[in-house]
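Ready for a bit of practice in reading a protein model? Grab a pencil and work through the exercises below.

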Amino acid sequence: MKNLSTSQHHSLLTTSSTIRQVQSQEVLLQDNPEQARCDWDFALSTVVSNSSSRSGPVSDALGVTEFDPSGTFLATGGIARKIRIYNLKSLLSTESGDHGVTFLDHASACDYYICTPAKLSSLRWKPGSGGRVLGSGDYDGVVMEYDLERKIPVFERDEHDGRRVWSMDYSHWNPIIGASGSDDGSMQVWDPRCEGGNCVAKVHPSITRSPVCCVEFNPFGGSTIVVGCADHMIYGYDIRMMSHPVMILQGHDKTVTYARFMDNHTVVTSGTDGCLKMWDTDEPSRLVRTYKGHVNCRRFIGLSVWRSGGLICCGSENNQVFVYDRRWGEPIWVHELESVNCEGGTDGFVSSVGWRQVGEDECTLVAGGSDGVLQVFVGKRKKMPFL
């Protein structure tokens, strides 16, 4: 394993003062049940970077981080045209350095990588494949599936006219079907069992054919698929009859970049208006809560929900990771990443986040940066004092 320089260790750990400030605020808030409080202790466990990133500006933004259903493996993708596969055990190694943080290099930390023909915007593990098949959407408008054991592509679908695929997902029932959303303004549902992925349905949610930025099937097995668009709207469709949306959620002031199911009847969305929103899908017009604190006005910064813990995480354009409790609109925990300059002289930002969907009293959170650095955090539920 390659370790980063001592100076980089120091710069990454200078953010501890920020964390202490947030923790002190939490103590003050615990006396008021109406204000946000943090029931968790979070700690930085591992930092994974490219050895070349120490020498100057880099171009390896991590646009997507995705745990497999078992929580054993982590897949990442982005600008570097690589799918990297990590075993979580290697990322949570007990061999730690300064202040209990392990510093690794991507080349030695990942189990293996697969080169892809284009930059990646989306990754999804295919249900029912036993962690063997991983789907991707790319900047060239192509959806592909990779056999991870043989490390080769086994499926390709190019039906978005070369326009960027922002998001793809799989249904959670048999037979499994896929969906993809693109800059061409369409959301397409297709059958991965057929060569080329025969189109099952195709819709243009927005009248103006605004880009489709996110798609997600109900992971609890329901028939709903939600679609977020650049027209500021979220559309919900019943996959059994897609001629018209069964719900339209209005509330964001700018592009809707992500949509995630928190539970069978609750959806969390993110927009470039700088806020997250939670919706009750049983009452489509009901906005449950708005979450503010992070900075987001033009970029994809990631969104992930930890369902059993009721936590929501997103990145920020000021290079911070924000965690919200679904019960309160203010962040309960904020962590600032090291300030970097990326290729083109732009400031760094958090470009992807992901929760491991395992456990109840302990959690694992990953955050990928526009500089290609992957950070792994572990959280433990605080012990409640006996009264």
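Here are three exercises, each with a worked solution.

This is a predicted model, where local features need pLDDT of at least 70 and side-chain atom pairs count only at pLDDT 80 or more, while totals for chains, interfaces and linings use all residues. Residues are numbered from 1 along each chain as its sequence is written, and side-chain values use heavy atoms, with hydrogens and water left out.

**Exercise 1.** Find out how many helices and strands the protein chain has.

*Solution.* Start with the DSSP runs: a helix (H or I) needs at least four residues and a strand (E) at least two. That gives 4 helices and 29 strands. Next, look at burial, meaning under 20% relative accessible area with a 1.4 Å probe, protein chains only. Of the 387 residues, 56% are buried.

**Exercise 2.** Decide whether Ser 304 is buried or exposed.

*Solution.* First, locate Ser 304: it sits in strand E23, residues 303-306. Its relative accessibility is 9%, so Ser 304 counts as buried. Now check its neighbours, taking a contact as heavy atoms within 4.5 Å. Leaving out residues up to four places away in sequence, Ser 304 touches several residues, including Leu 311, Cys 313 and Trp 355. A polar atom of the Ser 304 side chain lies 3.0 Å from the backbone nitrogen of Trp 355.

**Exercise 3.** Work out which strands stand at the edges of the sheet E5-E1-E29-E28-E27.

*Solution.* Strands pair if DSSP finds at least two bridges between them. This open sheet has 5 strands with mixed pairing. Strands E5 (102-105) and E27 (350-355) each have a single partner strand, so one side of each lacks a neighbour in the sheet. Further in, E1 (residues 40-49) and E29 (residues 374-381) pair antiparallel over 8 bridges, and Ala 43 has Val 378 in E29 as its bridge partner.

Definitions and conventions:
Buried means under 20% relative accessible area, exposed over 50%, partly exposed in between (1.4 Å probe, protein chains only). A polar contact is a pair of N or O atoms within 3.5 Å; within protein, one must be able to donate a hydrogen and the other to accept it, and residues adjacent in sequence count only if both atoms are side-chain atoms.
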